[in-house]
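Reader: Got a minute to go through a model with me? I'd like the overall picture, then some surface detail.

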Amino acid sequence: MKLTIRLVGAIWLSVLIVIGGFAFLQIREERERLVDDLKRRAVLVGEGLKEAIEPQVARDSTAGVERILKKFGTARRGIAVYDRFAGLMVATPDIAPSLPPSLPEVTDAVANDVVSQGFRVVGVRRAYVYATPLTRDDRAVGALVVILDAAHLEGAAWNLWWSNALRFLALALVVSLIALVVVRSSVTQPMAKMSEWTKSLRAGRYVPPPDVPDANVFGPLAREVAGLARSMQRARAAAEQEAALRLVGESIWTEERLKQFVNLRLAGRPLVVVSNREPVSHVRKGGRIQTLTPASGLVTAMDPMMRACGGVWVAHGSGDADRETADARGRLGVPEDDPRYTLRRVWLTKEEEHGYYYGFANEGLWPLCHIVHTRPVFRPDDWAHYLAANRTFAETLLDEIRDAEEPLVLIQDYHFAPLPALIKAERPDARVAIFWHIPWPNSEAFAICPWQPELLAGMLGADLVGFHTQYYCNNFLETVDRTLETRIDWERFTVTRGERVTAVKPFPISVAPGFVDDPPQRTREELLRELGVSAEFLGVGVERVDYTKGLPERFRALRWFFERYPEYRGRVVFVQLAAPSRSTIKRYAELALEVEQTVREVNEALGTVSWRPILYLARHHEHREIWSYYRHADFCMVTSLHDGMNLVAKEFVSVRDDEDGVLILSRFAGASQELRDALIINPYDLAGAAEAIRTALEMPKEERHARMTRMRYVVSEHNIYRWAGLLLSELSRIPVETPGVKTS
Ligand code: F6P
């Protein structure tokens, strides 16, 4: 209310100043015009009569003067003639009674022989007096006076003031009304909505920010408040979780516990993570910059860890709006609304990215490490780019740790095999780990790579090499054994090369307990309605379009299922969320076509007018969108032909706080070793996979519940905080390397 009063007051004052100023000028101009008009008329009459009257006055002919005056005098124009002593001789009848015996203008004209004029009250009216001397032989013989009524001057001024006052009132009212409407719709109502919203947040209920008309005004505020609310909610959830864990006497790793651990164990030593994929990318869409969370298991796992630990994450800035959203050094806080760690972006040219990422990493190492019968391609040019990109990342990383003592460096994945050695060569005091997120094949398979020794030598620059499973560790150790001159301790799982000792250990990666903060409140009915389907059972798959994921196999298994069990036709819909991936690589482009073709075939063969068995959604989906699919699906299919871990399986389990839903999981995914209560399948066995779908649909509720409860226990216990805690603990225990001194 106060705001409205202030605003309306300000509007009235401004209008008053503007209109008042204009009125003042207008009145002044009008007055000058009217006075000029009076003067002109007085001069015309006075100077016109002067010649005729002068001889009469000189002769003292009062009758002669009277005759002339009678002719020219009117009610509003009095004329008078004064003698040489400034005494009234004759005046027109209308003015005569009101004329004073002497007039200063007359005295002035007679005495000084000049024209004298001015305003004066004559009788009761205001008049303009014009006195011109009458002369004879250069001698003043009297004065002729023209007296014009000037009362209309006041009237004109009042009229102008009055019309301007009305204008002021009208303008002030209209502007105030418009301002009130604008204030109401753009300020008062949005403020009311914002305050309702903040009240809900304070009460611990997360509601998305209201739609407010002016995002420029309220957007930043909404972002700040949402960030604040999220922090409060996180703190509240962490406290509740800690309290609950204390009650049951368990010591599960939580975000809070990892924070404490980092504070105590690392004691201020900085942590730097390096990966190719960045946790957030900025892309231009429809003229606006969008923030995307890339479809990457690595990001799903590492982002919560970094939020807990803080530090710097060095990654390739691959978004087309990444430069604009970072500072001059490529740095920005993540998450943007409540920064918990720093992202340092590395810039690569298109050519470098092509050779290093698409070429060597994804046409060479990716198929080399995944046994899926896609032939790896190794080109010398790609290798050169791979080495060059590793050097670029090394420079950035070294820049980040320049002033840090004994920093901890966690290198992620197959994009950076040479990087550990590059870092250690410059900073022997740094503790360096490399975690390989994909499988490590047997030594014969890996030997295909022409640069096998260089890759292994680079990795053995690290103090710690991590894989998801012991099986991959063993494959790695065997590969090293057959390739390089080293000593391998099969009891302690270490490799000694020269003076360097590298530990090789399994750390099965996982997810954070909550897949998203404040999950959306979308019900199953809403989800189906939005998809435009009606189904009794909902199946879901969430993947990048990658040949390791067994997508064609999955859809053929679904076909097999519907053919074998036709009673489920029309009742089950399978939704596949398919994120486009590495699509400039020929094999991936072919795969995308193959997958779409397979979906089409299944839908054409089995679908009806009102039912499509497979809904294929080929686009990027943010975690918040995916959450609803996980949460409402009756079953989730993970049919990887080979997969280091597969975090989709763990994400699905972590979202199912209703303890329901069935996971169908490939035995070739690392996750199958931990999630024993999934329906484990061989994705190449279509009949077996189809049978698993039927089992999932017909599984009694109690069994679903029991299996999901056990899987949830595994995922909540072996979560990403534990993964990070164990890895950092192992790494920080490694003694400082003193050149020339052997460590055991
Ligand atoms: O497992 C390897 C990996 O880097 C994963 O961490 C991630 O899910 C996936 O590949 C993403 O691939 P890209 O970063 O090439 O899109």
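Author: Sure, here's a quick chat about the overall build and one patch on the surface.

Reader: What kind of model is it, and how many helices and strands are there?
Author: It's a predicted model, and the secondary structure comes to 21 helices and 23 strands.

Reader: What's the radius of gyration, against that of a compact globule of 744 residues?
Author: The protein has 47 Å, whereas a compact globule with that many residues would be near 27 Å. Along the principal axes, the C-alpha atoms fill a box of roughly 150 × 70 × 55 Å.

Reader: OK, and how much of the protein counts as buried?
Author: 52% of the 744 residues. As for the accessible surface, that's about 34600 Å², with 54% of it belonging to carbon and sulfur atoms.

Reader: What about contacts, how many link residues 24 or more positions apart?
Author: Taking contacts with a separation of 6 or more, 71% are between residues at least 24 positions apart.

Reader: Switching to the surface: which residues form the nonpolar patch?
Author: Phe24, Leu25, Trp158 and Trp161, with about 470 Å² of accessible area together. Two elements give two or more residues to this patch: α1 (2–58) and α4 (151–202).

Reader: Where does leucine 25 sit?
Author: Leucine 25 is in helix α1.

Reader: And why does leucine 25 count as partly exposed?
Author: Because its relative accessibility is 40%, and partly exposed covers what lies between the buried cut-off, under 20%, and the exposed one, over 50%.

Definitions and conventions. Residues numbered from 1 in each chain as written. Predicted model: local features only at pLDDT ≥ 70, side-chain atom pairs only at ≥ 80, totals over all residues. Heavy atoms only, no water. Patch = residues over 30% accessible without salt bridge, like charges linked within 9 Å, V, L, I, M, F, W, Y side chains within 5 Å. Areas by Shrake-Rupley, 256 points an atom, 1.4 Å probe, with all protein chains shown as cover. Salt bridge = Lys/Arg side-chain N within 4 Å of Asp/Glu carboxyl O. Helix = DSSP H or I, 4+ residues; strand = E, 2+ residues; numbered from the N terminus. Buried < 20%, exposed > 50% of the residue type's maximum accessible area, 1.4 Å probe, protein only. Rg over C-alpha atoms; globule rule 2.2 N^0.38 Å. Contact = heavy atoms within 4.5 Å.
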